[in-house]
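Biologist: Could you take one part of this model and walk me through it closely? I'd like to see how it is built and what it sits beside.

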Amino acid sequence: HEPLIRGEGALAVPLVAYGHDRPHTFQYLPPPEDGSKTDFDALRAEVRQNLASVDVTLEEVDLDGRTVLATTGSFYAAEKILDDAWMRELQERLDADILYASVPAKGMLLVMEADAANTAVFLAITQGRFDDASEEGTELSPLPFLVQDGEVVGFARVTPPTPTEEKPKRKGIFSWLFGGDA
């Protein structure tokens, strides 16, 4: 396994686990027995080649002029987030500089142009689908990612706005009772 986002300062989670899909189980790849380092470049290349052969369905959903692309139709549709060619194709289709992408449920990848006007919509769609999937037992992650040029480059998050002016102080029970400032 390795972190999904690589590079200096990257978080160590979420992780991408590599293995072989067997008819009735998934077998994770163990570390090399000789103590050598895992060749993640070779693993990623093999994964991308395998994912390129996965047939999926792409559905375009229009939400009042905002487009969401949903990749479904395969048990491995969510894993298409690791298929750099597929992600570049979606980025080109949306004519976007950067994408929001999420894998809220097994077999589903959601993508939308990353811009301020789309943030709340994308977060709500992702969370809603994740909540539905949680009831079904197929949930993966409510975390929205940022994808650029086919690669996951970060996470999308909303931070509450910082107050621009100080809120008026409310008088507490002691102030009311004793007529002072408490």
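Modeller: Sure. One term first: a residue counts as lining a pocket if it has an atom within 4 Å of a point of that pocket. Keep in mind that this is a predicted model. Let's look at helix H1, since H1 gives the largest share of the lining of the largest pocket, five residues.

Start with the helix itself. H1 covers residues 40-52, so 13 residues by the DSSP runs, and from first C-alpha to last it reaches 18 Å, close to the 18 Å expected at 1.5 Å a residue. Just ahead of that run, Asp39 caps the N-terminal end of H1. The contact there is a side-chain oxygen of Asp39 lying 3.3 Å from the backbone nitrogen of Asp41.

Now go round the helix. Leu43, Arg44 and Leu51 are buried. Looking down the axis of H1, those buried residues fall within an arc of 95°, so they line one face of the helix. Asp41, Gln49 and Ala52, on the other side of H1, are exposed.

Then there's the pocket. The largest one has a volume of about 990 Å³. It is lined by 29 residues, and the closest to its centre are Ala17, Phe26, Tyr76, Glu79 and Leu82. Along with H1, the elements giving two or more residues to that lining are strand S2 (15-16), strand S3 (19-21) and strand S4 (26-28). Sorted by class, the lining has 21 nonpolar residues, four polar and four charged.

Key
Residues numbered from 1 in each chain as written. Predicted model: local features only at pLDDT ≥ 70, side-chain atom pairs only at ≥ 80, totals over all residues. Heavy atoms only, no water. Helix = DSSP H or I, 4+ residues; strand = E, 2+ residues; numbered from the N terminus. Expected span 1.5 Å × (residues − 1). Buried < 20%, exposed > 50% of the residue type's maximum accessible area, 1.4 Å probe, protein only. Arc of directions from axis to C-beta. Polar contact = N/O pair within 3.5 Å; in protein donor to acceptor, adjacent residues only side chain to side chain. 1 Å grid on protein atoms, 1.4 Å probe; cavity = no way out; pocket = protein on both sides within 12 Å on 5 of 7 lines; lining within 4 Å. Points joined across faces, edges and corners; volume = space filled by probe spheres on them. Nonpolar A, V, L, I, M, F, W, Y, C, P; charged D, E, K, R; others polar.
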